[in-house]
Amino acid sequence: MEKSHFQGKTALITGSGRGIGREIALHFAGLGANVVVNYFRNRKPAEETAQEAEKKGVRAEIIKANVGDMQDLSRLVAETDRVFEGLDFLISNAGSGYNRPVLEQRPKGWDWTMDINARAYLFLAQKCVPLMEKKGGGRIVAISSPGSFRVLPEYAVVGASKAAIEAITRYLAVEFAPLNIIANAVSPGVVATEALQHFNTMQDEDLLEDIAAETPAGRIVTPQDVAGIVAFLCSPQAEMIRGQTIIADGGFTLPARGLGPSG
Ligand SMILES: NC(=O)c1ccc[n+]([C@@H]2O[C@H](COP(=O)([O-])OP(=O)(O)OC[C@H]3O[C@@H](n4cnc5c(N)ncnc54)[C@H](OP(=O)(O)O)[C@@H]3O)[C@@H](O)[C@H]2O)c1
């Protein structure tokens, strides 16, 4: 990856204290970009991520904000602008969800999930436009999930929010193109982060090994895999990729299962 494209620029990564977001923040810092480390509930990991980023010689600003709250969202953007005077890369990574079977879903869980995953993405992108215009354009990447098109256990509402993310990405790609702002999404397969604790079905210790064995690539996806693809989508080489959701699952969702002799 050409570091010159990232050096001295600014990346805002939502939910970047922990998990995949942390790795994206550190990857961008490694490429020379200043980073906004956003967190909601867990300050300590955000401080650790910011310290790690600064060791790479960039500036890291920690901003607490619940992306599901519109006032917090506005403050996150205003604070980013105050500190860095514009924005080059917006990575909408923060995710949450009310994981239940459809029969146990409640409107409150729907609103919570949609507000944090989908509404936050659209309005964050909208609010970041003036910051990106200051830089002559920018890149937006959202983190989706294969639950947008495959049926995962207890994932109906999160899956719907991820489908919304992918639809929003296509609209941003078209409507923001005249502003030299490019939008895409990355859809990773299973990544071993704390997010898996929210899945009752993912508590079997052997499950990750089973998923790795069923993945054509022979292993599960890492946060580093995701960070590298996000950075690629922000690079000049990816300029002609617009409004796409790049599935990065090592091929896990490709095989039609249940057709072979072994079931
Ligand atoms: N792990 C997977 O297998 C997988 C697969 C496909 C897609 N994804 C997607 O990848 C993204 C990151 O997932 P992950 O696995 O890294 O999850 P994670 O380890 O559970 O981390 C979630 C992150 O989102 C932040 N967050 C949650 N709610 C927030 C809110 N309202 N406002 C601001 N930040 C908030 C958390 O911050 P605090 O700790 O401060 O609350 C944390 O940094 C999500 O969009 C997820 O859907 C994950």
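Leaving out neighbours within four places in sequence, Asn99 is in contact with Gln105, Glu154, Val158, His198 and Phe199. The model is a predicted one, and this residue makes a handy way into it. Asn99 sits in the loop that runs between strand E4 (89–92) and helix H4 (107–134). Loop or not, Asn99 is tucked away: its relative accessible area is 7%, so it counts as buried, the cut-off being under 20%.

Zooming out, the protein chain contains 7 helices and 7 strands. Read from the N terminus, the order of elements is β-α-β-α-β-α-β-α-β-α-β-α-α-β. The radius of gyration of the protein chain is 18 Å, close to the 18 Å that the globule rule gives for 263 residues, so the chain is as compact as a globular protein of that length. Along the principal axes, the C-alpha atoms of the protein chain fill a box of roughly 60 × 40 × 40 Å.

Contacts and surface come next. Take the contacts in the protein chain between residues at least 6 apart in sequence: 74% of these join residues at least 24 apart. As for burial, 49% of the 263 residues in the protein chain count as buried, and Asn99 is one of the buried residues. The accessible surface of the protein chain adds up to about 12,600 Å², with 52% of that belonging to carbon and sulfur atoms. On the charge side, the protein chain carries 27 positive and 30 negative side chains. The centres of these two sets lie 5 Å apart.

Then there are the aromatics. The structure holds 3 aromatic pairs. In one of them, the rings of Phe6 and Phe28 have their centres 5.6 Å apart and their planes at 80 degrees, so the pair is edge-to-face, the label used for angles over 60 degrees. This pair links distant parts of the chain, with the two positions 22 residues apart in numbering terms: Phe6 belongs to the segment before strand E1 (10–13), and Phe28 to helix H1 (residues 19–30). Both Phe6 and Phe28 are buried. Phe89 joins in as well, and together Phe6, Phe28 and Phe89 form one aromatic cluster. Strand E4 spans 89–92 and is followed by the loop that holds Asn99, which brings the account back to its starting residue.

Conventions
Residues are numbered from 1 along each chain as its sequence is written. This is a predicted model: local features need pLDDT of at least 70, side-chain atom pairs count only at pLDDT 80 or more; totals for chains, interfaces and linings use all residues. Side-chain values use heavy atoms; hydrogens and water are left out. Helices (H or I, at least four residues) and strands (E, at least two) are DSSP runs, numbered from the N terminus. The radius of gyration is taken over C-alpha atoms; the globule rule is 2.2 Å times the number of residues to the power 0.38. Buried means under 20% relative accessible area, exposed over 50%, partly exposed in between (1.4 Å probe, protein chains only). Contact means heavy atoms within 4.5 Å. Accessible areas come from the Shrake-Rupley method with a 1.4 Å probe; for residues, only the protein chains shown count as cover. Lys and Arg count as positive and Asp and Glu as negative; His and the chain ends are not counted. The place of a charge is taken as NZ of Lys, CZ of Arg, CG of Asp or CD of Glu. Rings of Phe, Tyr and Trp (its six-membered ring) pair if their centres lie within 6.5 Å; planes under 30 degrees apart count as stacked, over 60 as edge-to-face and the rest as tilted.
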